[in-house]
Amino acid sequence: MAVEHSTGTAAPAPGDQTRIHNIGYRNYDGPRLGRAYARRSLYSQSLRGSYGLGRSVKSKVLPMLLLVVMCVPAAIMVAVAVATKANALPVDYTRYAIIMQAVISLYVASQAPQSVSRDLRFKTVPLYFSRPIETADYVRAKFAALASALFILTAGPLLLLYVGALLAKLDFADQTKGFAQGLVSVALLSLLFAGIGLVIASFTPRRGFGIAAVIAVLTITYGAVSTLQAIADAQGSGDAVPWIGLFSPITIIDGVQSAFLGATSASPSGVGPSTAEGVVYVVVALGLIAASYGLLMRRYKKVGL
């Protein structure tokens, strides 16, 4: 018969196995930076992302290439003006963005979806709103970031032209005035194109669809409006030409600068809107910017629910 031997050690009571470990957690007692800091951070990260900064090398290729494409013609014009000691630049400051509108449209088409479509695709928008940031903060940061990126894209070549004009010893007052007019024009263009691009991109989480939709809206409308303006001018209906220009973003900018900034119109007739018609152009441009902001607010209030 087996005999059970005792080890002489009593089994520990269940309560004796409980341990309290101090693992070092403590309450955060640093500064609370709040909504303003979050808004600035979202703006700066979105602006950096518009040129691929802080992202992969592949993400930098297209925006940087488009920036170079925008600046190369300006650099060539400057070199020619300095070498030939020309009395004027080959292109006015207000005309440069109109000439390069295809590059600008491609940039908007590539970067507007990058700014908002990924947040929709990966459903991260509600996470933004779980922090001290509201719908208005998100929309303003994204809108301001893309508009700033567009302003860099469009104002950079104008700065090259201005510096080149001064190196060529062209009249300082005339060049400064033209440069200022060009900056006003591209600032309005940046706001308008950013608003339109973001609104279109915010309705699809697929970047490819967003790119195609933005290109269609910006380029097809310009081609259609230019064609209709040419037909109206050929048929002797020149009075209709300025009103047709209200149906394309780039021709709206062209009309505003033709009416108020002393620019030569890019319309087929070469005649821009009158001052009264130019007021309508300004109202339409500002209305589209405000409408874009309002649509974005409504869109993200639904998405953030």
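These exercises work through helix α2, a nonpolar surface patch and two buried residues in a predicted model.

**Exercise 1. Geometry of α2**

Find the span of helix α2, compare it with the expected span, and locate its bend.

*Solution*

- Step 1. Take the limits: α2 covers residues 57–84, and its residue count is 28.
- Step 2. Get the expected span. The rule is 1.5 Å times one less than the number of residues, and for α2 the expected value is 40 Å.
- Step 3. Compare. From first C-alpha to last, α2 reaches 39 Å, close to that expectation.
- Step 4. Look for a bend. The axis of α2 turns by about 25° at cysteine 71. Proline 73 follows within four residues.
- Step 5. Check what comes next. Lysine 85, just after α2, has a positive phi of about 55°.

**Exercise 2. Two sides of α2**

Which residues of α2 are buried, and which elements do they pack against?

*Solution*

- Step 1. List the buried residues of α2: Ser59, Pro63, Leu66, Met70, Cys71, Ala74, Met77, Val78 and Ala81.
- Step 2. Consider the spacing. An α-helix has 3.6 residues a turn, so residues three or four places apart point the same way.
- Step 3. Find the partners. The buried residues of α2 pack against α3 (93–99), α4 (101–121) and α6 (135–167).
- Step 4. Turn to the surface. Leu62, Leu65, Val69, Leu106 and Ile215 make a nonpolar patch of about 350 Å². Helix α2 gives the most to this patch, with three residues.

**Exercise 3. Classify leucine 65**

Is leucine 65 buried, partly exposed or exposed?

*Solution*

- Step 1. Place the residue: leucine 65 lies in α2.
- Step 2. Read its relative accessible area, which is 46%.
- Step 3. Apply the cut-offs. Buried means under 20% and exposed means over 50%. Leucine 65 is therefore partly exposed, at 46%.

**Exercise 4. Two buried residues and their contacts**

Why do alanine 168 and glutamine 257 count as buried, and what does each touch?

*Solution*

- Step 1. Place them. Alanine 168 sits in the loop between α6 and α7 (172–201). Glutamine 257 belongs to helix α10 (residues 249–260).
- Step 2. Test alanine 168. Its relative accessibility is 17%, so alanine 168 counts as buried.
- Step 3. Test glutamine 257. This residue is buried because its relative accessible area is 1%.
- Step 4. List contacts, leaving out residues up to four places away in sequence. Alanine 168 touches Ala81 and Val82. Glutamine 257 contacts Thr94, Ile98, Ser185, Gly262 and Ala263.
- Step 5. Add a distance. Alanine 168 and glycine 195 are 27 residues apart along the chain, and their C-alpha atoms are separated by 37 Å.

Technical notes
Residues are numbered from 1 along each chain as its sequence is written. This is a predicted model: local features need pLDDT of at least 70, side-chain atom pairs count only at pLDDT 80 or more; totals for chains, interfaces and linings use all residues. Side-chain values use heavy atoms; hydrogens and water are left out. Patches are made of residues with over 30% relative accessible area and no salt bridge: like charges are joined within 9 Å, nonpolar side chains (Val, Leu, Ile, Met, Phe, Trp, Tyr) within 5 Å. Accessible areas come from the Shrake-Rupley method with a 1.4 Å probe; for residues, only the protein chains shown count as cover. A salt bridge is a side-chain nitrogen of Lys or Arg within 4 Å of a carboxyl oxygen of Asp or Glu. Helices (H or I, at least four residues) and strands (E, at least two) are DSSP runs, numbered from the N terminus. Buried means under 20% relative accessible area, exposed over 50%, partly exposed in between (1.4 Å probe, protein chains only). The bend at a residue is the angle between axes fitted to the seven residues ending there and the seven starting there. Contact means heavy atoms within 4.5 Å.
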